[in-house]
Amino acid sequence: MDGARRVLVAADKFKGSLTAVEVAERVAAGLRRVVPDVDVEALPVADGGDGTVAAAVAAGFERREARVAGPLGDEVTAAFALRGDTAVVEMAEASGLQRLPAGVLAPLTASTYGSGELLRAALDAGARTIVFGVGGSATTDGGAGMLSALGARFLRAGGEPVAPGGGGLADVASADLSGLDPRLTDVELVLASDVDNPLTGPTGAPAVYGPQKGASPADVETLDAALAHFAKVLEGTVGARAAEYAASPGAGAAGGIGYGALLLGARFRAGIEVMLDVLGFAPALERAELVITGEGSLDEQTLHGKAPAGVAAAARAAGKEVVAVCGRLALPAEALGRAGIRRAYPLTDVEPDVAKCIADAGPILERVAERIARDFLA
């Protein structure tokens, strides 16, 4: 759109290189180098995974912190975001892979207990609507740890609590949800995720996501059987809906924490759609003439619920032109066009050395933004 002067930068993080806030800052700096008077509005976005709280804080939410259990039980400081009576809780803050010690993976024993504590902290802060962003988890426990932190009890045949993590669920003999925090019944809980996998089976949480959490083929079998057993025991407690939830889209999100959230009455929505609503994307979009979105890698996964695809779809519906920035581009022009993205600008077009792109992503992104300014604004 030649002559555009009002630009909205609504990009996700470049994982391992730049936060979503830094991406927006670097793009704005590059644009202004070519068109000094360009009006740039930054709205960092996230799809429910890691970086979701940071995006909410950048949009004006207050950052709150709580001491909670990490995935291995050690105490960590986790953040959530609050504005009025709406909270944004990111499970990766408490139970994410980044909370594990370097080089340590614990596919059978990592627990979501801290995520439940984080939800409780949001309730304590007065939240009546909780957007629960799930992704980037170290866990495959079906949300059992989270539910336990909120008052549920999962016991072995002898009456003692089951061991933490997905592996321990093979020993569940009884489930008692009667002690769940009563405030949960008065809260709107939104499960925000970019994946729609069921809990178990060939497309379930253990099979699809277990290996990236360190699960061997034998571990995947163990976890799948344990989660299926967990759901069966819950059927005896809460009835047929336990089986329905296990087969529902989103149940397998973040190692099955989606299943636990559905048991709490959560409503499943695509993470980017929820976050665009929460962040105030619609009014920002109305003010813009050109939208710049992006993430670290634009690839096939991008098209399935990732932030750039959500931004582009909303912008296209509003008749706005969209371009994308990325570290790596693995989509043909036709696929970008179908997604509503007119053109993508990868860092590798400026610096072919991928290692340099990762190490110097900020300055290179500014040079990419200069190209966008010359192509669309100058």
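Two strands are said to pair if DSSP finds at least two bridges between them, and this sense of pairing is the one used in the legends below, which describe close-up views of a predicted model.

**View 1. A hairpin joins strand 3 and strand 4.** Strand 3 (62–69) and strand 4 (residues 75–83) pair in the antiparallel sense over 8 bridges. The two strands form a hairpin with 5 residues between them, and in the turn Gly73 has a positive phi of about 100 degrees. Two positions help to follow the pairing by eye: Ala66 stands opposite Ala78 in strand 4, and Ala69 has Glu75, also in strand 4, as its bridge partner. In a regular strand the side chains alternate between the two faces of the sheet.

**View 2. An open sheet of 6 strands.** The strands of this open sheet follow the order 3-4-5-6-9-10, and their pairing is mixed. Strand 3 and strand 10 (267–270) are the edge strands, each of which pairs on one side only. From one strand to the next, the twist averages 30 degrees. Helix 10 (residues 271–279) lies across strand 4, strand 5 (86–90), strand 6, strand 9 and strand 10, and it runs at about 90 degrees to strand 10.

**View 3. Helix 9 and the backbone of Ala254.** Helix 9 (residues 253–263) lies across strand 6 (129–133) and strand 9, and its direction makes an angle of about 160 degrees with that of strand 9. Ala254 lies in this helix, and it has a positive phi of about 50 degrees although it is not a glycine. Most residues other than glycine have a negative phi. The relative accessibility of Ala254 is 12%, so this residue counts as buried, the limit for that class being under 20%.

**View 4. Salt bridges between helix 1 and helix 15.** The structure holds 26 salt bridges, and this view shows some that involve Arg33. The side chains of Glu366 and Arg33 meet in a salt bridge with an N to O distance of 2.3 Å. This pair links distant parts of the chain, as Glu366 is in helix 15 (residues 361–377) and Arg33 is in helix 1 (residues 20–34), 333 residues apart. Arg33 also meets the side chain of Glu370 in a salt bridge, here at 2.6 Å, N to O. That second pair again links distant parts of the chain, with Arg33 in helix 1 and Glu370 in helix 15, 337 residues apart. Glu366 is buried, with a relative accessible area of 11%, and Glu370 is buried as well, at 15%, whereas Arg33 counts as partly exposed at 49% relative accessibility. Arg26, Arg33, Glu366, Glu370 and Arg374 are linked in a network of salt bridges.

**View 5. A salt bridge between two loops.** The side chains of Asp194 and Lys306 meet in a salt bridge, 2.8 Å from N to O. Asp194 lies in the loop between strand 9 (188–193) and helix 6 (205–209), while Lys306 lies in the loop between strand 11 (290–298) and helix 12 (307–317), so the pair ties together parts that are 112 residues apart in sequence.

**View 6. The largest pocket and its lining.** About 1,100 Å³ of space lies in the largest pocket. The pocket is lined by 41 residues, of which Asp47, Asp194, Val195, Gln301 and Lys306 are the closest to its centre. Helix 9, strand 10, helix 10, strand 11 and helix 12 each supply at least two residues of the lining, and helix 12 gives the most, with 4 residues.

**View 7. The surroundings of helix 12.** Within this helix, Ala307, Pro308, Ala309, Gly310, Val311, Ala312 and Ala315 are buried. The buried residues pack against helix 10, helix 11 (281–287), strand 11, strand 12 (321–329) and helix 13 (333–339). Helix 12 is followed by Gly319, which has a positive phi near 75 degrees.

**View 8. Lys15 in the loop before helix 1.** Lys15 is placed in the loop between strand 1 (6–9) and helix 1. At 63% relative accessibility, Lys15 counts as exposed. Asp50 is 35 residues from Lys15 along the chain, and the C-alpha atoms of these two residues are separated by 9.4 Å.

Key
Residues numbered from 1 in each chain as written. Predicted model: local features only at pLDDT ≥ 70, side-chain atom pairs only at ≥ 80, totals over all residues. Heavy atoms only, no water. Salt bridge = Lys/Arg side-chain N within 4 Å of Asp/Glu carboxyl O. Buried < 20%, exposed > 50% of the residue type's maximum accessible area, 1.4 Å probe, protein only. Axes fitted to C-alpha atoms, helices over the stretch in contact; angles between N-to-C directions. Contact = heavy atoms within 4.5 Å. 1 Å grid on protein atoms, 1.4 Å probe; cavity = no way out; pocket = protein on both sides within 12 Å on 5 of 7 lines; lining within 4 Å. Points joined across faces, edges and corners; volume = space filled by probe spheres on them.
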